[in-house]
Each structure stands twice: as C-alpha cells, then as structure tokens.
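Student: Got a minute to walk me through this one? I'd like the overall layout, then the helix packing.

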Amino acid sequence: MLTDQAGESREFRAPVTMTPRELGDNLARLVWESFSDFVTQEDVETPLPDSFATKNVEEGPTQHTAEESLIFFMWAHTRGVQLAFMERAPEERIRHGLDELHRAVFEDMMEHGTPGSQLPIFEQRVAARYAEYYRAAAQSAGRLGEAVCTHLTGSPENCRAVATAMAERAAAVASPLQDFLEDVELVE
C-alpha cells in the first residue's frame, strides 16, 4: 500500500508491459475464442435470437458466415485496443500491435487450410468491413449491428433483432478488453 498526496492509502499495481507482438498474439487468441463461441452459440451473455442460426448442426457455419463473423470479431478487438490505448501509446506502436494481430490470425488461417492465395482477397474484405463498421459505429450501436448483420445474413430485412445482439457483442468484446488494457503499457 502507498499513501497518496491526500494521505489516503492506495494499492500500488505496477503496469503490465507488452510488446506489440505479444499484444497481437494475445489478441489473436481472444479473437479465435470469441469466434468459436459465436459459431457454436456458446456465448450466453449476448444470445442471438432463435430465428438466426450461425451453424447447421451437421455442416457447421457456412463459409460466408464464418468469414464475416471472423472479420467482425477482428474488428471488435481492434476497436477495443484503439480505445484502450488512445492517447496512452504512440499511434505507430498501436498500429504495430494491430498488424501483429492480423498477422497471427492470417497465419492461423493458413495453418488450418486457407490457401495463401486467398488471403489478399480476404484482407481486402477485412479493410472494407472495418471502414464500414467504423462509420456505422460512429453513427450508433444500432447502425453497427445492422451493418454486421447484413454481412452475416446477406439480407438487411432479417436484421432487426440480430442487429441488437451484434451491437451488444461488439460492446461485450471491446469494453472488457479496454478495461484490461488500461493496466497494460505497450512497449517496444
């Protein structure tokens, strides 16, 4: 315990340090956990309506749904990092950590069967979705949920209830991540 200038006792916690590479690797693990929970519908904190199924029991999720949900969780973790380190770490160090996240996810994809020749096309979709999700999130959580749902389902008409659940999932990813990263110092 330390005593502050006002004479009050406060617990001292040394900040945790992480390099951009460590941050990226840890984030990739979190992205895959979120993705896995989503496609298996094990995340009970923000359940999807019964009318929306991300998987077929025998076949698993469609490739389109899987890719779009992966992109969404990559974006949600990216946003959480940006919010957590805003004004606390140099922008280039944050960007380096996020580049490491994407590197780790793309390497994992290739290790699990995605041909390397498909990654540039997937990266273009990631960039396009990120831009769209940032614009939508700047407008409202509801707009973000609608944008995500539209890409997951291919049909904006089916997105009323799902949009709310997806907006809640974005907050469920970004908020705790932001809280955790407040005690992390990003170092080279």
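Tutor: Sure. One term before we start: a residue counts as exposed when its relative accessible area is over 50%, and as buried when that area is under 20%. Also keep in mind that this is a predicted model.

Student: OK, so put that to use. Is Glu 87 buried or exposed?

Tutor: Exposed, because its relative accessibility is 79%.

Student: And where does Glu 87 lie?

Tutor: Glu 87 is in the loop that links helix H2 (63-85) to H3. Its backbone is worth a look too: phi is near 65 degrees, which is a positive value in a residue other than glycine.

Student: Let's zoom out. How many helices and strands does the protein chain have?

Tutor: Six helices and four strands. Going along the sequence, the order is β-β-β-α-α-α-α-α-α-β.

Student: What share of the residues is buried?

Tutor: 40% of the 188 residues in the protein chain count as buried. On contacts: among those with a separation of 6 or more, 71% join residues 24 or more positions apart.

Student: Now the packing. How do H1 and H2 sit against each other?

Tutor: Their axes are 9 Å apart, and the packing angle is about 135 degrees. H1 and H2 are therefore oblique to each other. The crossing of H1 past H2 is right-handed.

Student: Which residues make that contact?

Tutor: From H1 you have Leu 23, Leu 27, Leu 30, Val 31, Trp 32, Ser 34, Phe 35, Phe 38 and Val 39. H2 brings Ala 66, Ser 69, Leu 70, Phe 73, Met 74, His 77, Val 81 and Phe 85. By class, the contact of H1 with H2 has 14 nonpolar residues, three polar ones and no charged ones.

Student: What about H3 and H4, at what angle do they pack?

Tutor: Helix H3 (residues 91-111) packs on helix H4 (residues 119-139) at about 140 degrees, and their axes are 12 Å apart. That angle makes H3 oblique to H4. Their crossing is right-handed.

Student: And which residues meet there?

Tutor: His 102, Phe 106, Met 109 and Met 110 on the H3 side, with Leu 119, Phe 122, Glu 123 and Tyr 130 on the H4 side. In the contact of H3 with H4, six residues are nonpolar, one is polar and one is charged.

Student: Staying on H3, what does Gly 97 touch?

Tutor: Leaving out residues up to four places away in sequence, Gly 97 touches Pro 20, Leu 23 and Gly 24. Gly 97 lies in helix H3, and it counts as buried because its relative accessibility is 0%.

Student: How far apart are Gly 97 and Pro 20?

Tutor: In sequence, 77 residues; in space, 3.8 Å from C-alpha to C-alpha.

Student: Last topic: H6. What span should its 22 residues have?

Tutor: At 1.5 Å a residue, helix H6 (residues 160-181) should span 32 Å, and its end C-alpha atoms are 32 Å apart, so the two agree.

Student: Which of its residues are buried?

Tutor: Val 162, Ala 163, Ala 165, Met 166, Ala 167, Arg 169, Ala 170, Val 173, Ala 174, Leu 177 and Leu 181.

Student: And what do those buried residues of H6 pack against?

Tutor: Helix H1 (20-39), H2, helix H5 (141-153) and strand S4 (184-186).

Key. Residues numbered from 1 in each chain as written. Predicted model: local features only at pLDDT ≥ 70, side-chain atom pairs only at ≥ 80, totals over all residues. Heavy atoms only, no water. Axes fitted to C-alpha atoms, helices over the stretch in contact; angles between N-to-C directions. Helix = DSSP H or I, 4+ residues; strand = E, 2+ residues; numbered from the N terminus. Parallel < 35°, antiparallel > 145°, perpendicular 65-115°, else oblique. Left-handed = near helix turned anticlockwise from the far one by under 90°. Contact = heavy atoms within 4.5 Å. Nonpolar A, V, L, I, M, F, W, Y, C, P; charged D, E, K, R; others polar. Buried < 20%, exposed > 50% of the residue type's maximum accessible area, 1.4 Å probe, protein only. Expected span 1.5 Å × (residues − 1).
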